[in-house]
Amino acid sequence: MSIVQNKKAFHDYFIEEKYETGMVLEGWEVKAIREGRVQLKEAYVIIRNGELYLIGSHISPLMTASTHIHPDPVRTRKLLLHAEEIRRLIGKVERAGYTLIPLDMHYKGGRIKLEIGLAKGKKQHDKRESEKQKEWERTKQRLMRAK
């Protein structure tokens, strides 16, 4: 079950591979995510000291759940992935033009998971081409329904 999706990522990047990661979260963050108070629009993933971190995701705290602490909505959150997968990602990200983008936050087995994608940036003409392709697919569907 999806909590939030980063639709802008598919517009701005070619997604080549997808990985499912766990997240290190505090209690108030879990409660806020369950309420749907999370955004991935401006978020990205970096690799620092052989570990993955999610930067720029905004989790709005609930007033009732976080009265005794002072939450930071945009704090850096550590992502959990197997060491072998991290090494593979480091090799691919260090090549020119590749980056890691959060795509989808969802539940799996009662836990909150984040799907990240290995992506390559689109140029402006690629974005236009993708838009034309989507429009053509919609037109084809309308024509097929009309018959």
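Is leucine 114 buried or exposed? Let's start there, with everyone looking at strand β9, because leucine 114 has its place in that strand and, at 0% relative accessibility, counts as buried. Before I go on, a quick reminder that this is a predicted model.

While we are at leucine 114, here is a distance to try on your screens. From leucine 114 to lysine 134 there are 20 residues in sequence, and the C-alpha atoms lie 26 Å apart in space. Please remember lysine 134, which will come back later.

Strand β9 covers residues 111–121, and glycine 121 belongs to it too. Glycine 121 has a relative accessibility of 36%, so it counts as partly exposed, given that this class runs between 20% and 50%. Measuring tools at the ready: C-alpha to C-alpha, glycine 121 and serine 2 are 25 Å apart, with their positions 119 residues apart in sequence.

Now to strands β4 and β5. The two run antiparallel and are joined by five bridges. One of the facing pairs is tyrosine 44 with isoleucine 55, the latter in β5. As for cover, β5 has five residues, and four of them are buried, so the strand is mostly covered.

What about the turn? The hairpin of β4 and β5 has two residues between the strands, and asparagine 49 takes a positive phi there, near 55 degrees. For anyone who wants the background, most residues other than glycine have a negative phi. Asparagine 49 is found in the loop between β4 and β5, and this residue is exposed, with a relative accessible area of 75%.

Right beside this, have a look at arginine 48 and tyrosine 53. Arginine 48 lies over the face of the tyrosine 53 ring, 5.1 Å from the ring centre. You can find a second case at lysine 120, which lies over the face of tyrosine 98 at 4.5 Å from the ring centre. And how many aromatic pairs does the structure hold? The count is zero.

A little further along the chain we come to serine 57, in the loop between β5 and β6. Serine 57 is in a loop, yet it is buried, with a relative accessible area of 1%. Proline 102 sits 45 residues away from serine 57 in sequence, and the C-alpha to C-alpha distance is 9.1 Å.

Next, strand β7, residues 77–80. Which of its side chains are buried? Arg77 and Leu79 are, and they point to one face, while Lys78 and Leu80 point to the other face and are not buried. In a regular strand the side chains alternate between the two faces of the sheet.

β7 has partners as well. Strand β5 runs antiparallel to β7, with three bridges joining them, and in that pairing leucine 54 stands opposite arginine 77. Strand β2, residues 13–23, is also antiparallel to β7, with two bridges between the strands. There, methionine 23 has leucine 79 as its bridge partner. Notice that arginine 77 and leucine 79, with the partners I just named, are the buried side chains of β7.

Last stop, the inside of the model. How many cavities of 30 Å³ or more does the structure hold? One, and the space in the largest cavity comes to about 30 Å³. Its lining is made of Phe10, His11, Lys122, Lys127, Ser130, Glu131 and Lys134, and here lysine 134 is back, as promised.

Where does that lining come from? Helices α1 (7–12) and α4 (124–146) each supply at least two of the residues, and α4 gives the largest share, with four. Sorted by class, four lining residues are charged, two are polar and one is nonpolar.

To wrap up, here are three places to click on after the meeting. Go to asparagine 49 for the positive phi in the hairpin, to β7 for the alternating side chains, and to Lys134 for one of the residues lining the largest cavity. Thanks, everyone!

Terms used. Residues are numbered from 1 along each chain as its sequence is written. This is a predicted model: local features need pLDDT of at least 70, side-chain atom pairs count only at pLDDT 80 or more; totals for chains, interfaces and linings use all residues. Side-chain values use heavy atoms; hydrogens and water are left out. Buried means under 20% relative accessible area, exposed over 50%, partly exposed in between (1.4 Å probe, protein chains only). Two strands pair if DSSP finds at least two bridges between them. On a 1 Å grid over the protein atoms alone, a cavity is a set of points where a 1.4 Å probe fits but cannot get out, and a pocket is an open set with protein on both sides within 12 Å along at least five of seven lines; lining residues have an atom within 4 Å of a point. Grid points are joined across faces, edges and corners, and a volume is the space filled by probe spheres set on the points. Ala, Val, Leu, Ile, Met, Phe, Trp, Tyr, Cys and Pro count as nonpolar, Asp, Glu, Lys and Arg as charged, and the others, Gly among them, as polar. Rings of Phe, Tyr and Trp (its six-membered ring) pair if their centres lie within 6.5 Å; planes under 30 degrees apart count as stacked, over 60 as edge-to-face and the rest as tilted. A charge sits over a ring if NZ of Lys or CZ of Arg is within 6 Å of the ring centre and within 35 degrees of the ring normal.
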